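Dear colleague,

I am passing on a structure for you to look through, together with some notes on what turned up in it. Please open it alongside this email and read slowly.

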Amino acid sequence: MIPDTLSYGQYETVYNFLSLVIASQLFTAVFLLISLPRILPRYRQAITVAIIVCGIAAYHYFRIFDSFKSAFVTTSVGGTGDYSQATGAAFNEGYRYVDWLLTVPLLLVELVAVLALARSVQSKLLMRLVPAAGLMIALGYPGEISGDNGVRGLFGILSTIPFAYILFVLFVQLSKSLANQPASVRGTLGRLRFLLLLSWGVYPIAYLLPLLNIAGSDAWVLKQAGYSIADIVAKAVYALIIFHVAKLKSYDDDHAFADVELSLDDRRPVVAAPRD
């Protein structure tokens, strides 16, 4: 439940975390857009999807940020007192679920796309992963907005079913594809699945706080901070790792391209010799 009052410190904590997410997503998208020419065309689909994910997240965090500022106001001089819920305004948690409904399936598309598997294999994986991801988010939302712990628990269990299925595909089925990847990226791709598991694991923990009788303003602030950190890791950090994998695979596929790119990385400014 959204608290009626936040202290100045709690307000600033949420404010700064939301601002951090906006900056992370926005400038990760800018970096990836600028860096697209530095990977081969066959891997640009994965990075393009990563740019879209970060862009969607940045947009929704702008909306979350505006909603938060409108929902909590203070009458204290200098804004250093308590913040109360504004009359006629409420913090809209739904923006997060709209964001996740779009971005979580796309995160899985990123991973499958950077593998550059045969088209038929990619299609089969995506037909299994994308609907499961959408179902996971859709089933979580009714519990998120409910004040009834029974309803929250029921939908939490239901959303866990597609979540477990996604993990099964990632850790069992996708492992078969890793053997066909260049040796330079196998370890990174394997660890990338654990990064998804780690970052996604924050969401159910925050979701379960009311069921653990952890409530009040401190719990709500903790939930917002947890969601924010998880979104940075699951989208911005994840996208940068996908880009690193795409770059290494580009080097492995085309040694001439690698020589050009590595020469750019090693380029040093030329210092003119002093004149006599």
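The notes below go from the whole chain to two helix pairs and then to the nonpolar cores.

Please keep in mind that this is a predicted model, in which local features need pLDDT of at least 70 and side-chain atom pairs count only at pLDDT 80 or more, while totals for chains, interfaces and linings use all residues. Residues are numbered from 1 along each chain as its sequence is written, and side-chain values use heavy atoms, with hydrogens and water left out.

The protein chain has nine helices and three strands, where helices (H or I, at least four residues) and strands (E, at least two) are DSSP runs numbered from the N terminus. Its elements follow the order β-α-α-β-β-α-α-α-α-α-α-α from the N terminus on, and the C-alpha trace spans about 65 × 65 × 25 Å along its principal axes. Of the 276 residues in the chain, 47% are buried (under 20% relative accessible area, with exposed over 50% and partly exposed in between, using a 1.4 Å probe and protein chains only).

Two packed helices are described by the angle between their axes and the distance between the axes. Helix α3 (residues 94-115) and helix α4 (residues 119-145) have axes that come within 9 Å and cross at roughly 160° (axes are lines fitted to C-alpha atoms, for helices over the stretch in contact, and angles run from 0 to 180 degrees between N-to-C directions). That makes α3 roughly antiparallel to α4 (over 145 degrees, whereas under 35 is roughly parallel, 65 to 115 roughly perpendicular and the rest oblique). Among the residues of α3 that meet α4 are Tyr97, Trp100 and Leu101, where contact means heavy atoms within 4.5 Å.

The axes of α2 and α3 also come within 9 Å, and they cross at roughly 165°; α2 and α3 are therefore roughly antiparallel to each other.

The largest nonpolar core has 59 residues, and those with the most contacts inside it are Ile47, Ile166, Leu189 and Trp200 (such a core is a set of buried Ala, Val, Leu, Ile, Met, Phe, Trp, Tyr and Cys residues joined through side-chain atoms within 4.5 Å). Helix α3 gives the most to this core, with 11 residues. Apart from this core lies another, of 18 residues, including Tyr61 and Phe91.

With best wishes
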